Amino acid sequence: MVMRSLLTEDRSSLKIGSCCCGIPIALHYSYFLLLLIELAASARYLDAAFSLFMLTLYGPVLLLTIVLHELGHCWMTRKLGGDVGGIVLWPLGGFAMVGPTDCGTSGDFRVAIAGPLTHIPQMIFWVAMFAAFGGNFSKFSMSYYLDELSDSAASFFVVLSQTAFWTNLFILAFNLFVPAYPLDGGRCLAAYLIMRGYRMEKTALIVSVTAMVLSGGLLMFGMISFIYMHSPNGIYMALVSAYIFSSSMNLFNLQKEGRVREHPLFSRGVFEEREIPEVQQPDEAGAPASPPTSPKAEDAEMA
């Protein structure tokens with residue numbers, strides 16, 4: 001919650017504009033820290049073409065990828081009757097400032113899944129770019145040689161296209177199939193458990209513990225892939241894993257203290273509507289409905 005408030009402060013972000021469907025988009029200044037980290041990591045190869053490649057990949061390419069991902073959340077929210085406040089981009093993904101929809105918990109599930117699905121057309125685009133620049137599909141893989149980046153402009157964009165494709169596939173799988181809060185998969189898991197009748201306290205425990213366990217494995221894989229496989233995504237995965245662990249630990253502590261409804265994910269009225277009480281108390285029958293929830297930040301997805 002502290003991280004969310006820091007990201008949404010006006011003085012901490014660079015306003016990009018509202019050119020996409022009238023949705024305000026802001027770039028948090030911490031995003032430039034990611035560029036510095038990746039450039040520093042690329043410096044070990046002493047190759048100017050590789051440094052330019054990393055700057056392009058983690059600059060405009062990743063920014064566009066994150067924007068389209070968050071616009072997917074915003075578009076689905078509007079389609080289902082919810083309000084959209086804007087988008088904040090930062091190094092580990094983005095925040096879509098969206099409110100609850102008119103479709104309850106199932107609507108929350110559809111909003112969560114809409115972001116990752118935007119990577120499918122993006123992958124098709126990068127495959128088309130790979131072909132347009134003369135790429136050889138027999139060599140279409142996650143690996144490449146440094147000299148390919150400096151051979152020619154076409155060769156540079158062939159490597160960029162295939163790397164952008166794998167990056168989009170990684171983000172799609174990471175968000176959709178890793179049920180770790182605050183990734184979209186974690187939000188889907190929470191919505192699914194609530195729809196199955198689990199109480200919020202039990203759902204919060206399952207979601208937080210699952211995320212903490214997975215984040216540990218992802219952190220190890222990220223470090224191994226960077227050190228031994230020389231993958232540029234290794235540092236990024238390690239940073240995301242640390243953020244997942246921190247966010248899920250916060251949820252776990254709130255659950256232990258019996259304050260799970262103070263968490264942004266579970267303070268949304270749509271979850272309370274679907275929760276099936278274990279014991280119906282007589283004085284709860286006439287309890288007033290939850291007040292309308294103002295737009296909250298959609299949790300960071302890997303992008």
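Helices (H or I, at least four residues) and strands (E, at least two) are taken as DSSP runs and are numbered from the N terminus. The structure described here is a predicted model, in which local features need pLDDT of at least 70 and side-chain atom pairs count only at pLDDT 80 or more, while totals for chains, interfaces and linings use all residues. Residues are numbered from 1 along each chain as its sequence is written, and side-chain values use heavy atoms, with hydrogens and water left out.

The protein chain has eleven helices and five strands. Of its 303 residues, 51% count as buried, where buried means under 20% relative accessible area, exposed over 50% and partly exposed in between, with a 1.4 Å probe and protein chains only. Among contacts (heavy atoms within 4.5 Å) between residues at least 6 apart in sequence, 71% join residues at least 24 apart.

Strand β3 (residues 84-90) takes part in pairings with two other strands, β2 and β4, two strands being paired if DSSP finds at least two bridges between them. With strand β2 (residues 23-28), β3 pairs in the parallel sense over three bridges, and the bridge partner of Leu27 in β3 is Leu89. With β4, in contrast, the pairing is antiparallel and extends over six bridges; β3 and β4 form a hairpin with two residues between them. Within this hairpin Trp90 stands opposite Gly93 in β4, and Val84 stands opposite Val98 in β4. Both strands are mostly covered, since six of the seven residues of β3 are buried and six of the six residues of strand β4 (residues 93-98) are buried.

Thr77, which lies in helix α3 (residues 48-79), has a relative accessibility of 0% and therefore counts as buried. Leaving aside its neighbours within four places in sequence, Thr77 is in contact with Gly82, Asp83, Val84, Val98, Gly99, Thr101 and Val111. Two of these residues, Val84 and Val98, are the ones that stand opposite each other in β3 and β4.

Helix α4 (residues 104-117) packs against two further helices, α5 and α7. The axes of α4 and helix α7 (residues 153-177), as lines fitted to C-alpha atoms over the stretch in contact, with angles running from 0 to 180 degrees between N-to-C directions, come within 8 Å and cross at roughly 165°. That makes α4 roughly antiparallel to α7, since angles over 145 degrees count as roughly antiparallel, under 35 as roughly parallel, 65 to 115 as roughly perpendicular and the rest as oblique. The contact is made by Ile113, Pro116 and Leu117 of α4 and by Leu172, Asn175 and Leu176 of α7. These residues divide into five nonpolar, one polar and no charged, where Ala, Val, Leu, Ile, Met, Phe, Trp, Tyr, Cys and Pro count as nonpolar, Asp, Glu, Lys and Arg as charged, and the others, Gly among them, as polar. Asn175, whose place is in α7, is buried, with a relative accessible area of 0%. The C-alpha atoms of Asn175 and Gly186, eleven residues apart along the chain, are separated by 8.1 Å.

The axes of α4 and helix α5 (residues 119-132) come within 6 Å and cross at roughly 5°, which makes α4 roughly parallel to α5. Gly115, Pro116 and Leu117 of α4 and His119, Ile120 and Pro121 of α5 make this contact, and its residues divide into four nonpolar, two polar and no charged. Pro116 and Leu117 thus belong to the contacts of α4 with both α7 and α5.
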